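Trainee: I have the sequence and the model open, and I would like to understand how the terms used for them are earned. Could we go through them one by one?

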There are 4 protein chains.
Amino acid sequence: MKIGIFPHVQKQGISAVLGLVVQRLLERGAEVALPADAAEEMGYPELGVARERMLKEIAVAVTLGGDGTLLSTARVAAPFGIPVCGINMGQLGFLTEVEPSEVNQALDRLVAGQYSIEERLMLDASIFRQGKSIFVSSAVNDVVVTKGGFARMIRLNLYIDGQLTANYPADGLIIATPTGSTGYSLSAGGPIVSPGLKVIVLTPICPHTLHSRSLIVAETEEIKVTVYATHQDIVLTMDGQTVHALQPNDTIIVRRSRYRAKFIRFNRAGYYETVYTKLTAGR
Amino acid sequence: MKIGIFPHVQKQGISAVLGLVVQRLLERGAEVALPADAAEEMGYPELGVARERMLKEIAVAVTLGGDGTLLSTARVAAPFGIPVCGINMGQLGFLTEVEPSEVNQALDRLVAGQYSIEERLMLDASIFRQGKSIFVSSAVNDVVVTKGGFARMIRLNLYIDGQLTANYPADGLIIATPTGSTGYSLSAGGPIVSPGLKVIVLTPICPHTLHSRSLIVAETEEIKVTVYATHQDIVLTMDGQTVHALQPNDTIIVRRSRYRAKFIRFNRAGYYETVYTKLTAGR
Amino acid sequence: MKIGIFPHVQKQGISAVLGLVVQRLLERGAEVALPADAAEEMGYPELGVARERMLKEIAVAVTLGGDGTLLSTARVAAPFGIPVCGINMGQLGFLTEVEPSEVNQALDRLVAGQYSIEERLMLDASIFRQGKSIFVSSAVNDVVVTKGGFARMIRLNLYIDGQLTANYPADGLIIATPTGSTGYSLSAGGPIVSPGLKVIVLTPICPHTLHSRSLIVAETEEIKVTVYATHQDIVLTMDGQTVHALQPNDTIIVRRSRYRAKFIRFNRAGYYETVYTKLTAGR
Amino acid sequence: MKIGIFPHVQKQGISAVLGLVVQRLLERGAEVALPADAAEEMGYPELGVARERMLKEIAVAVTLGGDGTLLSTARVAAPFGIPVCGINMGQLGFLTEVEPSEVNQALDRLVAGQYSIEERLMLDASIFRQGKSIFVSSAVNDVVVTKGGFARMIRLNLYIDGQLTANYPADGLIIATPTGSTGYSLSAGGPIVSPGLKVIVLTPICPHTLHSRSLIVAETEEIKVTVYATHQDIVLTMDGQTVHALQPNDTIIVRRSRYRAKFIRFNRAGYYETVYTKLTAGR
């Protein structure tokens, strides 16, 4: 069984934790791989494998970092059907499964196959400019259309399965999966959505029409957003990580991805208990 | 084909509209029945049938009134599998399908069977006091646990499928179906939910903890609420219509009903367009 | 110097604390008085004075309890110009000044006159029924017009200095002082207002029109609310303590009181620091 | 009496309206001046005066455009004590006083001196970088610190008169005057503030801590914001018009300006009525 490790190489203390993780996995009889660049940087050149090849070889991905590291790994792992296990080295991980104190136990269970897999909706977004697709990308948490800092606002037309559903000036719009509902969407006033639900959450950012609210639609519905503005300071952001500049009159189409992110779960603490604990503790 | 008419007998102008509706249906060859008490009061004693018998005989129910009349009829019609068609005589009907100007056309299509049926989630709520069920009722829109006007607040424990999910002092809690998401739930800050989604929306009313938000859960999950208070001014309300007094330490269990409300639909205007039009017009 | 003590007689542990407070004050050379009924109940009959006489004799009032005890004492003390010092025996006191661990030090400073006085806006509310005033009362925190638990909603017309400012169906309306802005008003979505500002905060409770927001007006402006409903389940509540039943078409007029509540302050921790600490800790 | 006209030269239809305004004012015996650049562009070179000289000569400024034109003119006119009259050529002017149909009447009253002047709070903002002031500017509506579109979030420390009042990750912070409370601040969830009140409204934009709320402080209090981020995509925006790039660890200090914007008022329709009408109509 080959396990791929994806460390957040800039994270403080990553070196020590990575050492322990590698050692434990090898002791338990697993093979270990790291992306070649990270392997080089962290001092394990012998474990380095080119990223593309690695994804074809590993059975499981382990991330060392915060929710961001988990999200970026889950996105690339999803098309290969590889489940991902997040070890939390951040402050407050909503998505990471394993706290630092639980690492050894988690790794042992990982090697022993003692875990369950939770599938999470992913979204594909395409940008169409003058009728042509110019960008395609995926998100586990959210697709965000937003004005930049120098601009005043943008006007959005929102269509659900072809129906005009809203038309408002705003700072932007967040299109979130249930997984993403506890992220940026929550900051903008959106609801918390149970992660297994087959829905998408649409939440405007600072809408200039007071009647605008979060909208919950089926994950099978196509979401189309057309952007109007008199400036060019507009961006599309996926999971807060992938960013692409938009232009006025661009159309963004968001659909359910054919892949699902796979999160490894050991804990039997229920979702609601976990969210509640994290919300009251950390926010 | 027997069509049952359920008029809101106190509504202004009901008499004239009822007369036109009865005449049109008879002209089109339908049989017509009214609940005996309403038939008497409205001057059609010959059409009166006892309510229980009526629900066994009619193929379709037509309501004359607002959303409230539609809701109360839908609740009793659901166990008999009878679809309901709401003719709007109120100001702003989110749920009623037929505006006054469209009545004749709608009735003709009703008799001709030219309509579709939309099924909507219903909720069953039970009150348990000292371990015994003392009240059971159903709702199409929402189940609301709330303090009365004389009381200061109540403390709620919320369990989803047995997991403690929230614990807060508040004025109350709204447990809404997607149908009810555009009603009271929206006033309390809840999201708008597409009516076909298999979810339940939980929204606190004036929570005294600032981190409380709407929560979207699966319709298959059991919702349990325990109420704590030092007073007796607490009530359970179903669809804003059925009310039952609660006592401190009462437990309320809300589950998906085995029945679904059936709404007749003629219009092909999409849900999102309709909601958006009504929201921007009327609120 | 005579100090009046107003204990919350039902509070757990009140007896022990009261004993320590009385002893300390007497040791420091102060005279001590309790309301006759409380004095009797708590075992200090020799210190009991009729409430009305007491308010004419004492220089300072000390409350033992939570924010509620402080509010009710501040309301009656204000017309006599008596400053009030709240000793917190509740869980989270926004208004009480002295925590249990600081009692002795605070009492010593009280007797020594080492404190400052902070004046807080109070509101007078009158109910007019068919043109006649039928009820007048004062509030330190808020005046709330709200539907009861059995009712569906009420319609409110709001006039500021005679101008129609809002007209909406809602569960109710909160008219709060800056002091009250961290209470019920905050739960309903209102802003936090610096306590020295000469303003009043109006916040609707679950407004059925989505454009309704908190409104900040001058404390010198007259606020008039007319209530429309088809039921009689409406109440006026002052500070969550004084309650009076309303009827449809009643008019409520709220004006700045001629008196100000006087809060004794020892701590030099700033208001903003205090509120922030309490908000993040307790909510 | 010399009247300065400040047209929004790109506005559609501006040419015709400007012609009518100039003619009317001259007919009524007023002198008319335009900023030299605008005069040239609009075909009135003989009326052109250098902007700086113009502000020393005119008694009154008239703006032709929307709220934006009024704001930018009010900012430069304030230090010269010149009152400003906004003629609305936009869609929904909260601040402009004169609708297109009322122009002639308004100009006549302007020349006749039949108007009142309403003074509005202005804010001065300074950016301090490594202890040195690098930018100073004024705002009539709001000072906004916000992340740009490419960035994830920023962390803000907020101090009121030197007290640490809030510390949160967010998209940004809006520091608004009462005038600005119906603008961007409202979109971010802030309250509506009566324009004569001597207060400042602080409203976070998408705060990642759920307990964050709008805060109302005295206009005399100093507001200090320190920005933390791991990126450079941060901006300061004044009235949505003047923009300056910020860097991590920059400190922004906002204080009441020594000048007040002066708005000319003809209508005796009250503020509350006006706001309510505009809010329900346009939002």
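**Strands and contacts, term by term**

Mentor: Let us start with one pair of residues: within S15(C), Lys224(C) is the bridge partner of Tyr159(C). This is a predicted model, in which local features need pLDDT of at least 70 and side-chain atom pairs count only at pLDDT 80 or more, while totals for chains, interfaces and linings use all residues. Residues are numbered from 1 along each chain as its sequence is written, chains are lettered from A and ligands numbered from 1 in the order in which they are written, and side-chain values use heavy atoms, with hydrogens and water left out.

Trainee: What makes strand S9 and strand S15 of chain C a pair?

Mentor: Two strands pair if DSSP finds at least two bridges between them, where strands are DSSP runs (E, at least two residues) and helices likewise (H or I, at least four), numbered from the N terminus. S9 (residues 154-160) and S15 (residues 223-228) of chain C are joined by six bridges and run antiparallel, so the definition is met.

Trainee: Which other strand of chain C pairs with S15(C)?

Mentor: Strand S18 (residues 251-265) of chain C does, in the antiparallel sense and over four bridges, with Ile223(C) opposite Val254(C).

Trainee: How do you know that a strand of chain A pairs with S12(B), and in which sense?

Mentor: Strand S14 (residues 215-218) of chain A and S12(B) share two bridges, in the parallel sense, and Ile216(A) stands opposite Val193(B) there.

Trainee: How much area do chain B and chain A bury between them?

Mentor: They bury about 2,600 Å², 61% of it on carbon and sulfur atoms; buried area is the accessible area (1.4 Å probe) that two parts lose on being put together, summed over both. The contact, meaning heavy atoms within 4.5 Å, takes 29 residues from chain B and 29 residues from chain A.

Trainee: How many salt bridges are counted between chain B and chain A?

Mentor: The count is zero, a salt bridge being a side-chain nitrogen of Lys or Arg within 4 Å of a carboxyl oxygen of Asp or Glu.

Trainee: Why are chain C and chain D said to be related as by a two-fold rotation axis?

Mentor: A turn of 180° with a shift of 0.0 Å along the axis lays chain C on chain D with an RMSD of 0.0 Å, the copies being superposed by least squares on the C-alpha atoms of residues with pLDDT of at least 70 in both. The two copies are therefore related as by a two-fold rotation axis. In chain C, the C-alpha nearest that axis belongs to Pro191(C), 3.5 Å from it.
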